[in-house]
Amino acid sequence: MATDELNDENVPSPGSITHATTVEEIRAGLADLEAREAKVTARLDSLLASQRDLNRQLGRLDLARAQLGSQAVATRAISNGMLSSAAATAHRISGAVKKLDQEQANVKATLDVVEQVAELKSCILGVTGSMGAPQDWETAATYIHRASQIPDSVIDGAFAEQIVPTAEVPDLPRQTLNHAAESLCGLFVREFDKAAQAGNGAGVTRFFKLFPLINRSDVGLEAYGRYVCGGIAARARTNMGSTQRKDGMFYASALTKLFEHIAQIVEGHQPLVERHYGEGSMTKVIQRIQVEADVQGGIILDTWSEERKVARKLTEVKSYPFNFLVQSFLPVQKPSMVPSRTGSPAQGSPRVSEDEGVDMREVDALLNESATMLGRWSLYSRFLASKTAGVIDRDAATVLTMPDLLLHSNLHKKVHDLLIEPFNVMAAFFFRRSVEKSFQLDESPSDLTLNPNKPLGSNPPFITSAVDDVMYNVNQVLQRTLSASQRTVVAGVLPSVSRVLGSDFFGMIQRKMRDESYPKPVIQGALPPESTIISFLVLINNLDVSIDYVRRIVRTCLGESASADTTTQSSSAMSAAFPFGHEAVFVERTINHIESNFEIKTSELIAEAIEVMLKQVMRPRLRPVLLETFRDVDYVVLTENGRNDVEDQESDEVVPKRFERGWYAFTLPIKRILTPGNYDKLLIVTVGHLARTLEKRLWSYHGRVNEFGAVRLERDVASIVATAVKGGRYELRDLFARSVQMTLIMNMEEDEWEDIAKLSGAQLERETGVAWNLDAEDRKRARSILKEDVLH
């Protein structure tokens with residue numbers, strides 16, 4: 001349509017024919033007019049054709065309208081004549097039914113009120129009668145409980161106030177009930193206290209069950225709390241009155257008995273309390289018990305702190321200077337020409353005074369007692385948390401949270417101030433002082449020698465005594481810390497253990513390696529002294545064995561075993577010891593950090609020590625071995641007809657025998673002393689150096705090897721490789737790949753070599769079945785080692 005309109009706009013308007021001046025213009029105008037006429041005619045024809053269908057549809061609609069009109073008239077007639085009367089009747093019936101229901105409800109409500117008022121009057125008369133001459137307190141309490149089930153609107157209503165009062169009980173119902181409840185409550189309290197003082201358990205239980213019946217549950221729980229707390233206080237005073245206070249675990253035992261007594265009371269009395277007072281009512285009793293626990297537990301901790309002189313011990317611990325460790329890390333001073341005096345500070349006189357200032361046995365005893373008390377506090381906290389948790393939380397496997405009654409208690413604050421903080425300080429001191437003492441008393445294994453013909457004077461692993469002593473203390477400190485089951489203790493002690501291991505223990509061994517046992521020759525060009533080498537090897541063993549010790553200690557602390565379900569067992573054991581929040585995850589991560597940090601640092605030092613051994617010991621020993629191995633060995637071999645079998649056999653065995661004798665002469669003595677792990681590391685770097693040296697020697701044979709000499713050279717290299725890797729890992733053979741491939745190329749036939757020289761990359765490896773370490777240039781260079789002209 002848009003195109004037609006555009007075309008119409010471009011066509012001259014009909015009026016333009018009036019301005020035509022030529023015959024052609026007139027004809028063009030006429031043709032345009034004819035075209036327009038044809039279009040208009042076509043549109044008119046189409047409209048006329050569609051008009052027939054429109055008329056047919058309109059006729060159908062008129063017919064349908066007439067039919068629907070008659071139906072609508074019939075429907076209105078039915079509605080007006082039949083349904084209207086039925087609807088009116090139904091409306092009248094519905095209204096009558098509603099009125100009847102309302103009247104019945106009113107009658108029923110009236111009957112209920114009358115019955116409730118009658119029940120109220122019966123209860124009031126029963127209470128009054130029971131409190132009279134019979135003094136039947138259970139019945140009186142039962143009547144009050146029945147009266148409490150009546151709605152307050154009925155008790156305070158005008159009808160009850162008119163009907164219930166009698167000549168015997170003239171007061172209003174509410175006043176009568178309140179007065180009776182107050183009288184009974186006072187009576188029950190007196191009788192309860194009397195039974196408690198007399199130790200009459202049956203009487204205590206009898207009156208304790210009556211308080212909920214008179215709506216005085218709070219009073220009953222308070223009286224019960226006083227009764228229980230009195231027993232707790234009496235038991236605690238008896239325990240503290242013992243004459244065995246000098247016993248090392250006396251106060252830990254007293255605190256344990258206090259917590260056990262409370263747990264027995266809560267566990268044994270909770271069913272009775274919740275049966276009569278409702279679910280969760282024991283929590284109120286526990287809150288009252290905790291107040292008494294704060295008092296008695298505080299007395300125990302305060303007395304322990306004073307008797308054990310914890311504050312003075314903390315002062316001594318914090319002021320301890322660790323002179324031995326500090327002086328050990330100072331730069332080594334050059335020896336003075338003036339002879340040292342006997343008893344000078346360098347001779348160790350300050351150490352004696354330090355030992356006298358801090359008694360390690362007392363610190364150890366305090367730590368043991370503190371850890372025991374902290375462990376009991378953790379069990380007690382866990383028990384109360386489970387008892388005060390909600391019903392849903394207790395049934396579900398949810399994470400426990402420390403209850404507020406413990407978090408805000410005075411005993412919690414005293415535990416933190418008198419147990420946790422001193423424990424953290426003394427545990428860190430104890431471990432560091434143990435490390436210092438271990439190195440002060442450090443002893444090296446005796447009768448070690450590099451002579452393979454002499455027996456070693458002790459059993460492997462060959463380490464100094466400090467390693468066993470320190471690792472024993474590591475295990476002791478970690479086990480004692482975890483036994484406290486306190487996240488704060490773990491966060492305070494374990495990082496200190498990791499820090500001391502990584503600084504003092506590690507630093508002492510590193511300093512000895514650097515300053516005392518570094519294997520350097522006394523004379524330029526000579527080998528280091530045997531004693532220095534042995535001492536250095538022992539220190540390397542110290543590091544390797546320490547890593548293994550720490551790893552095993554950590555696994556033990558995490559509760560891991562060799563079974564397949566190790567992770568689950570570790571998590572469950574740790575969660576049982578640290579059940580609050582995500583403490584177990586934090587503790588596991590902290591313990592694992594000790595292992596990872598120590599292993600990373602120690603492994604780096606072992607690697608450096610292995611490099612020192614290679615540079616100072618292995619390489620100087622290996623150089624003459626190789627020189628002796630290839631001494632007077634010629635690889636320009638005469639043809640088979642020019643030599644006899646005896647000469648061939650002797651020349652073929654000289655290199656393997658020389659190398660095997662020289663190699664074992666300096667590796668076996670070191671292997672006897674080093675741990676298997678350290679020897680593997682040393683063997684790897686030594687064999688690597690041997691492989692590089694052997695490769696250089698092969699390159700140096702350029703033009704000095706003929707066809708038969710290449711065969712012998714290949715056998716010699718193979719025997720050297722077999723001897724060097726014997727007893728080690730199979731992967732060590734890969735270090736000799738270049739040398740072996742050089743001899744392989746030298747022994748190829750000419751046509752085989754020509755085929756190989758044309759290949760490269762993956763095709764070369766596929767055709768030869770060898771992973772080549774030599775590139776194309778190296779292979780050509782290795783082939784050129786062969787002497788072109790054979791000597792005759």
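The following is a conversation between a student and a tutor about a predicted model of a protein chain.

Student: How many helices and how many strands are there in the protein chain?
Tutor: The model is predicted, and the protein chain in it has 792 residues, of which 39% count as buried. As for its secondary structure, the number of strands is zero, while the number of helices is 29.

Student: What share of the contacts in the protein chain with a separation of 6 or more is between residues 24 or more positions apart?
Tutor: Contacts of this kind join residues within 4.5 Å by their heavy atoms. Among those with a separation of 6 or more in the protein chain, the share that belongs to residues 24 or more positions apart is 78%.

Student: Which residues touch the most other members of the largest nonpolar core, and which helix gives the most to this core?
Tutor: The largest nonpolar core holds 184 residues, and those that touch the most other members are Met-471, Leu-501 and Phe-505. The helix that gives the most to this core does so with 18 residues, and it is the one spanning residues 583-629, namely α22.

Student: Which residues is Phe-505 in contact with, leaving aside its neighbours within four places in sequence?
Tutor: Phe-505 is one of the residues that touch the most other members of the largest nonpolar core. Leaving aside the neighbours within four places in sequence, the contacts of Phe-505 are Val-435, Phe-439, Val-467, Val-470, Met-471, Val-500, Ser-546 and Phe-598.

Student: Is Lys-512 buried or exposed?
Tutor: Lys-512 is found in helix α19, which covers residues 487-516, and, not counting residues up to four places away in sequence, Lys-512 touches Phe-439, Asp-442, Ser-517, Tyr-518 and Leu-539. Because its relative accessible area is 13% and buried means under 20%, Lys-512 is buried.

Student: Why does the distance between the end C-alpha atoms of helix α6 agree with its number of residues?
Tutor: Helix α6 runs over residues 173-198 and has 26 residues, so at 1.5 Å a residue it should span 38 Å. The expected span is 1.5 Å times one less than the number of residues. The agreement is therefore with an end-to-end C-alpha distance of 37 Å.

Student: Which residue just after α6 takes a positive phi?
Tutor: Within α6 the buried residues include Pro-173, Leu-177, Leu-184, Phe-188 and Phe-192. Just after this helix, the residue that takes a positive phi, of about 70 degrees, is Gly-199.

Student: Where do Glu-182 and Arg-216 lie, and how far apart are the closest N and O atoms of their salt bridge?
Tutor: The pair links distant parts of the chain, 34 residues apart, with Glu-182 in helix α6 and Arg-216 in the loop between α7 and α8. Glu-182 counts as partly exposed at 47% relative accessibility, whereas Arg-216 counts as buried at 19%. In their salt bridge, the closest N and O atoms are apart by 2.8 Å.

Student: Which residue forms a salt bridge with Arg-36?
Tutor: Arg-36 counts as partly exposed, because its relative accessibility is 32%. Its partner lies four residues apart from it in helix α2, about one turn of the helix, and is buried with a relative accessible area of 18%. The closest N and O atoms of the pair are 3.4 Å apart, and the partner is Asp-32.

Student: How many salt bridges are there by count, and which residues are linked in a network of them?
Tutor: The count of salt bridges comes to 32. Those linked in a network are Asp-548, Arg-551, Arg-552, Arg-555, Glu-595 and Glu-599.

Student: What accessible area do Ile-26, Leu-30 and Leu-33 have together?
Tutor: Leu-30 lies in helix α2, which covers residues 23-130, and it counts as partly exposed, at 44% relative accessibility. With Ile-26 and Leu-33, Leu-30 forms a nonpolar patch on the surface, whose accessible area together is about 230 Å².

Student: How many Å apart in space are Phe-708 and Val-637?
Tutor: Phe-708 has its place in helix α25, residues 707-725, and counts as partly exposed at 31% relative accessibility. Phe-708 and Val-637 are 71 residues apart in sequence, and their distance in space, C-alpha to C-alpha, is 5.6 Å.

Terms used
Residues numbered from 1 in each chain as written. Predicted model: local features only at pLDDT ≥ 70, side-chain atom pairs only at ≥ 80, totals over all residues. Heavy atoms only, no water. Core = buried A, V, L, I, M, F, W, Y, C linked by side-chain atoms within 4.5 Å. Buried < 20%, exposed > 50% of the residue type's maximum accessible area, 1.4 Å probe, protein only. Helix = DSSP H or I, 4+ residues; strand = E, 2+ residues; numbered from the N terminus. Patch = residues over 30% accessible without salt bridge, like charges linked within 9 Å, V, L, I, M, F, W, Y side chains within 5 Å. Areas by Shrake-Rupley, 256 points an atom, 1.4 Å probe, with all protein chains shown as cover. Salt bridge = Lys/Arg side-chain N within 4 Å of Asp/Glu carboxyl O.
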